[in-house]
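Welcome! Have a look at the sequence and the model below, and then work through the exercises with me.

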Amino acid sequence: MARNGKSVRSKGEIIIADMLYDAGLSFEIDSELKLRDEEGRTITKYPDFTIALGNRTVYGEHLGRMEEKEYAEDFWRRVYLYFQNNICFGENLIVTCDRPNHTFNSYTAGRIVDLLKSE
C-alpha cells in the first residue's frame, strides 16, 4: 500500500507512488484508459500511473517481471497500442523497470519525478 492509501502491485510501484505523492503530483493508479486499435476497436488498458500535469497527462508503466516471456510480450503489444494513440516514449509515456536481479533503481525514478515536478 502506498502512502496515499492506494494499492499497488509491486515494491517498485510503491516507491514510485510514494515519490509522486511526496512531490505533490496528482496521479491515479491503474486508472481506466480507452484506446483504439488499428481496426478501430476500443481496447481498455490500465496504466500503472496516470499523472496529471496541468494541461497534459503522462502515463507510467513499471515493469517488474520482464524475465517472463508473456509479460514482456504483453508490454510490447501495449507499447504499440499506446503508440497508435499518440502515447509515446519521451513525450507522455514513462517506463521504469526492475533489474534482472529484481532490484529497483529509485535514484532514476527520483530524477524522473523531479522532471515531472518541474513542469
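**Helices across the sheet**

Helix α2 (residues 69-84) lies across β5 and β6, and its direction makes an angle of about 165 degrees with β5. Keep in mind as you work that this is a predicted model.

**Exercise 1.** Find which strands helix α3 lies across.

*Solution.* Start with the helix itself, which covers residues 106-117. Follow its face towards the sheet: α3 lies across β4 (49-53), β5 and β6. Then look at its direction, which is at about 160 degrees to β6.

**Exercise 2.** Work out the order of the strands in the open sheet, and explain why β1 and β6 each have a side without a neighbour.

*Solution.* Step one is the order: 4 strands make up the open sheet, arranged β1-β4-β5-β6, with mixed pairing. Step two is the ends: β1 (26-29) and β6 are at the edges and have a single partner strand each, so one side of each lacks a neighbour in the sheet. As a last step, look along the sheet: the twist from one strand to the next averages 20 degrees.

**Exercise 3.** Describe how β5 is joined to β6.

*Solution.* In general, the strands of a sheet pair through backbone hydrogen bonds, in a parallel or antiparallel way. Here, β5 (residues 56-63) and β6 run parallel and are joined by 5 bridges. To place yourself along this pair, find Glu 61, which stands opposite Val 95 in β6.

**Exercise 4.** Locate Cys 97, decide whether this residue is buried, partly exposed or exposed, and list what Cys 97 touches.

*Solution.* First, the location: Cys 97 belongs to strand β6, residues 93-97. Next, the exposure: the relative accessible area of Cys 97 is 37%. Partly exposed is the class between under 20% and over 50%, so Cys 97 is partly exposed. Now the contacts: leaving out residues up to four places away in sequence, Cys 97 touches His 62, Leu 63, Met 66 and Phe 104. Finally, try Ala 17, which is 80 residues from Cys 97 along the chain: their C-alpha atoms are 14 Å apart.

**Exercise 5.** Compare the phi angles and the exposure of Asp 30 and Asn 86.

*Solution.* A useful reminder is that most residues other than glycine have a negative phi. Asp 30, in the loop between β1 and β2 (33-36), has a positive phi near 55 degrees. Asn 86, in the loop between α2 and β6, has a positive phi of about 60 degrees. For exposure, Asp 30 has 24% relative accessibility and counts as partly exposed, whereas Asn 86, at 59%, counts as exposed.

Notes:
Residues are numbered from 1 along each chain as its sequence is written. This is a predicted model: local features need pLDDT of at least 70, side-chain atom pairs count only at pLDDT 80 or more; totals for chains, interfaces and linings use all residues. Side-chain values use heavy atoms; hydrogens and water are left out. Helices (H or I, at least four residues) and strands (E, at least two) are DSSP runs, numbered from the N terminus. Buried means under 20% relative accessible area, exposed over 50%, partly exposed in between (1.4 Å probe, protein chains only). Contact means heavy atoms within 4.5 Å. Two strands pair if DSSP finds at least two bridges between them. Axes are lines fitted to C-alpha atoms, for helices over the stretch in contact, and angles run from 0 to 180 degrees between N-to-C directions.
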